[in-house]
Each structure stands twice: as structure tokens, then as C-alpha cells.
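Biologist: Let us go through the ligand site and the cysteines. Please give the cut-off behind each term.

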Amino acid sequence: MTLAESVCTIQKNIERAQKNSALSSPHITLLAASKGQGEGAIREAIETGIRHFGENRVQEAQEKWPALKAAFPELRLHLIGPLQTNKVKTALALFDVIQTLDRPRLADAIAAELARAPRQLECFIQVNVGEESQKAGVSPGEAGELAEYCRGLGLKLAGLMCIPPLDKPPAPYFAMLRQMAQAYGLGGLSMGMSDDYEAAVRMGATCVRLGRGLFGPRP
Ligand SMILES: *Cc1c(COP(=O)(O)O)cnc(C)c1O
């Protein structure tokens with residue numbers, strides 16, 4: 001399958017999942033997780049109409065994206081991997097959306113950098129829905145408090161993001177993230193990857209993040 005064919009199939013699957021569920025969102029962002037992908041594959045994805053891209057590592061993004069962003073100013077770059085406070089300045093110069101905000105000290109560092117260099121930035125709070133010790137994200141019990149804290153700092157909170165446990169059915173975790181977002185008055189739900197995006201769409205995802213399903217196996 002070419003990338004254009006994959007995008008077409010995925011969009012059809014998303015539409016079908018939307019139609020099949022009363023909980024689905026009418027507007028869904030298809031985000032291309034482009035970690036490990038070179039400029040050629042990314043340009044091909046841009047040609048198919050994709051405008052949102054996600055990178056996991058600040059340094060890799062810094063090598064790949066300044067030229068692409070200059071060439072395509074409408075692109076929106078999301079950070080979907082962990083962010084260390086000492087990389088906040090570099091990250092905020094490049095990313096439009098931080099999907100992995102998961103602790104008060106990181107919120108402090110982001111707010112301080114925005115005060116120094118104001119710009120449009122949206123944040124998602126990453127929730128460790130499976131409470132897995134090896135995974136990033138705030139624990140579900142502390143997410144509401146973190147959302148309040150971020151609001152107090154004046155950060156623009158778009159919603160919640162999660163990566164459910166690999167070895168369990170994802171739907172209950174998607175449902176949990178949905179309930180939490182409702183409880184905290186947040187509209188955005190970034191959930192669903194190549195293997196489970198249809199289940200996520202049925203549960204109300206507003207952003208699905210696909211890597212392998214779009215680009216094929218990672219190089
Ligand atoms: C890599 C990655 C994805 C995409 O994963 P695939 O399984 O390749 O679709 C989505 N979200 C995050 C946070 C990722 O790191």
C-alpha cells in the first residue's frame with residue numbers, strides 16, 4: 001500500500017467508527033507519528049493532506065522540522081514523547097502542541113518559558129491510565145489536581161492524552177479518559193494508535209496518533 005492509500009483506508013475506517021457510535025466526536029485530527037521517518041516520507045504525508053505530525057524526541061524533531069515548518073507554515077507539530085524541563089525552551093520554539101504534560105514542575109517550566117517568549121501553545125495532560133510503572137503520565141487520581149494547577153498558571157489545556165497498556169483491551173481505558181475529561185471540563189481526547197484507533201474513535205477520540213498504520217514498519 002502507498003501512503004496515500006493507507007491514509008484513504010484509515011479515513012474510511014475513522015468515518016465508519018464515527019457513524020457506529022453515538023459517543024464519537026464529529027471532528028477528528030489524524031496525527032502522523034513521524035518518529036524515525038525521514039523528510040521524504042513526511043513530505044509524502046503532507047501531500048496526502050495530513051497537517052498534524054507528532055514527534056517523540058525533541059532532538060530528532062529539531063533536526064527534521066525547522067525546514068519543513070518553514071516550507072509548510074500551516075503544519076502543526078505535536079510533542080508526543082516525554083519532555084525534560086531542561087528541554088522546554090528548545091521544545092517550545094518548535095512544537096505547537098505538548099501532549100505529554102504530566103507533572104507540576106513541567107507546567108511551571110512551560111509557563112515560565114511562555115512568559116519569556118509568548119506564543120500560541122496547546123497542552124494535553126498525559127494520563128498513565130494503566131498505572132504502569134514504566135510509563136509516563138500523571139496517575140488518574142492526580143490528573144484533576146494537575147489540570148487545576150495548569151489552569152492556575154494560565155496554560156491553554158486542550159485535553160487529555162493516554163497510551164493504554166499493550167496487553168489489555170483498550171476500550172475501558174479510553175472510556176476512563178473520556179470520563180475524566182468530562183469531569184474536568186476538557187474537550188480534547190488524544191487516544192488511539194495504529195492498532196486501536198477505531199475503538200478510540202468510537203469512545204470519542206478527537207485526535208488519533210498513527211505511525212506504523214500510515215508509514216509501515218518503522219525504519
Ligand atoms: C509512536 C507513537 C504512536 C504511534 O504508534 P503506532 O503504533 O506506530 O501507530 C502514537 N503515540 C505515541 C505517544 C507514540 O510514541
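Biologist: What makes the pair of arginine 209 and the ligand a polar contact?

Modeller: This is a predicted model, where local features need pLDDT of at least 70, side-chain atom pairs count only at pLDDT 80 or more, and totals for chains, interfaces and linings use all residues. Residues are numbered from 1 along each chain as its sequence is written, and side-chain values use heavy atoms, without hydrogens and water. A polar contact is a pair of N or O atoms within 3.5 Å. A polar side-chain atom of arginine 209 lies 2.9 Å from a ligand nitrogen, so the pair counts.

Biologist: Which distances do asparagine 56 and serine 194 show to an oxygen atom of the ligand?

Modeller: For a polar side-chain atom of asparagine 56 it is 2.7 Å. For one of serine 194 it is 2.4 Å. The protein covers 94% of the ligand's own 390 Å² of accessible area (Shrake-Rupley, 1.4 Å probe).

Biologist: How do you know that cysteine 8 is in no disulfide?

Modeller: A disulfide needs two cysteine sulfur atoms within 2.5 Å. The nearest cysteine sulfur to cysteine 8, that of cysteine 207, is 20 Å away. The whole structure has zero disulfides.

Biologist: What about cysteine 207?

Modeller: The nearest cysteine sulfur, that of cysteine 162, is 11 Å away, and cysteine 207 is in no disulfide.

Biologist: Why is cysteine 207 called buried, and cysteine 8 partly exposed?

Modeller: Buried means under 20% relative accessible area, exposed over 50%, partly exposed in between (1.4 Å probe, protein chains only). Cysteine 207 has 3%, so it is buried. Cysteine 8 has 37%, so it is partly exposed.

Methods:
Polar contact = N/O pair within 3.5 Å; in protein donor to acceptor, adjacent residues only side chain to side chain.
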